[in-house]
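Welcome! Here are some short exercises, each followed by a worked solution. Try each one yourself before reading on.

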Amino acid sequence: MSISQVPGGKVVAIASSTGGPKALQAVITKLPAKLNAPIVIVQHMPPGFTASLAERLNTLSELSVKEAKEGDVLTAGSVYIAKGGKHLNIRYSGNRHVVYYTDEPNREGVKPCANYMYESLSESRYGEIVCVVMTGMGADGTKGITYLKKQKKTHVIAQEEESCAVYGMPKNIVNAGLSNQIVPLERIAQEIITNVGVM
């Protein structure tokens with residue numbers, strides 16, 4: 001059983017929107033295959049586009065990247081991108097963390113909404129959640145991380161303004177006092193590695 005499946009492991013949870021696909025490529029392609037945590041991503045995209053994004057990142061990355069399916073078990077060294085048009089959540093069941101989807105209305109004007117992902121992780125068995133909020137309009141992620149920080153050990157990395165296509169989501173994280181680090185896009189991968197380690 002990998003460390004990602006037992007209490008005390010770590011998980012990386014990324015939120016991005018406008019400019020996100022390019023930013024995700026800059027981050028995910030710099031991460032090693034033996035990253036000691038799974039990565040879950042909410043990128044604001046309509047249905048159909050998230051599968052092609054996952055396929056592209058998978059061909060460019062050492063990590064295994066896929067569009068998350070209902071019931072997928074989170075394992076270290078793998079990346080799970082939320083399906084467009086559904087809200088991604090993580091549930092702890094049978095000594096494993098698994099993906100499940102819900103179909104509530106749009107939240108923050110988007111679906112998937114990262115707030116659901118972050119809020120669901122508050123009930124996980126992970127010892128630490130590493131949240132990364134990158135380029136995008138609006139404030140998605142702020143309410144979810146505010147809630148998560150009250151429940152779990154949480155480390156929050158916000159993308160700095162100069163490297164964002166749109167400085168909305170990270171700005172709201174910073175203004176809310178939630179960020180532990182504010183870093184340029186080219187440094188985010190290294191900060192993830194520093195925080196979760198390599199197997």
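**Exercise 1.** In which loop is S122 found? Work out also whether S122 is buried or exposed, and list its contacts beyond the sequence neighbours.

*Solution.* A word before we begin: this is a predicted model.

- Step 1: Look between α3 (114-121) and β7, since the loop joining them holds S122.
- Step 2: Check the accessibility. S122 has a relative accessibility of 10%, and buried means under 20%, so S122 counts as buried.
- Step 3: Set aside neighbours within four places in sequence. S122 is then in contact with Y147, L148, Q151 and K152.

**Exercise 2.** At what angle do α3 and α4 pack, and which residues meet there?

*Solution.* Two packed helices are described by the angle between their axes and the distance between the axes.

- Step 1: Find both values. Helix α4 covers residues 142-151, and α3 packs with α4 at an angle of about 10 degrees, the axes being 7 Å apart.
- Step 2: Name the arrangement. Angles under 35 degrees count as roughly parallel, and α3 and α4 are therefore roughly parallel to each other.
- Step 3: List the partners. From α3 come N115, Y118, E119 and L121, which meet T142, K143, G144, I145, Y147 and L148 of α4.
- Step 4: Sort them by kind. The contact of α3 with α4 comprises 5 nonpolar, 3 polar and 2 charged residues.

**Exercise 3.** How many residues does the largest nonpolar core have, and which element gives the most to this core?

*Solution.*

- Step 1: Count the members. The largest nonpolar core has 30 residues, and L31 and I39 have the most contacts inside it.
- Step 2: Trace the elements. Those giving two or more residues to this core include β1 (10-16), α1 (20-28), α2 (49-60) and α6 (185-196).
- Step 3: Pick out the main contributor. With 6 residues, α6 gives the most to this core.
- Step 4: Follow one member. Beyond its neighbours within four places in sequence, L31 is in contact with I39, E62, L63, A189, I192 and I193.
- Step 5: Look elsewhere. Another core, of 28 residues, lies apart from this one, and V11, A13, A68 and I145 are among its members.

**Exercise 4.** In which strand does V183 lie, and what does V183 touch?

*Solution.*

- Step 1: Locate V183 in strand β9, residues 181-183.
- Step 2: Judge its exposure. V183 has a relative accessible area of 2% and is buried.
- Step 3: List the contacts. Not counting residues up to four places away in sequence, V183 touches I157, A158, Q159, E160, I188 and E191.
- Step 4: Take one of these, E160. Although 23 residues separate V183 and E160 along the chain, their C-alpha atoms are 5.1 Å apart.

**Exercise 5.** Which peptide bond is cis, with omega near 20 degrees, and what are the phi values of N95 and E108?

*Solution.*

- Step 1: Find the cis bond. The peptide bond from K111 to P112 is cis, with omega near 20 degrees. P112 sits in the loop between β6 (96-102) and α3.
- Step 2: Turn to E108, whose place is also in the loop between β6 and α3. E108 is not a glycine, yet has a positive phi of about 55 degrees. Its relative accessibility is 36%, so E108 counts as partly exposed.
- Step 3: Finish with N95, in the loop between β5 (87-93) and β6. Phi of N95 is near 65 degrees, a positive value in a residue other than glycine. N95 is partly exposed, at a relative accessible area of 46%.

Conventions
Residues are numbered from 1 along each chain as its sequence is written. This is a predicted model: local features need pLDDT of at least 70, side-chain atom pairs count only at pLDDT 80 or more; totals for chains, interfaces and linings use all residues. Side-chain values use heavy atoms; hydrogens and water are left out. A nonpolar core is a set of buried Ala, Val, Leu, Ile, Met, Phe, Trp, Tyr and Cys residues joined through side-chain atoms within 4.5 Å. Buried means under 20% relative accessible area, exposed over 50%, partly exposed in between (1.4 Å probe, protein chains only). Helices (H or I, at least four residues) and strands (E, at least two) are DSSP runs, numbered from the N terminus. Contact means heavy atoms within 4.5 Å. Axes are lines fitted to C-alpha atoms, for helices over the stretch in contact, and angles run from 0 to 180 degrees between N-to-C directions. Angles under 35 degrees count as roughly parallel, over 145 as roughly antiparallel, 65 to 115 as roughly perpendicular and the rest as oblique. Ala, Val, Leu, Ile, Met, Phe, Trp, Tyr, Cys and Pro count as nonpolar, Asp, Glu, Lys and Arg as charged, and the others, Gly among them, as polar.
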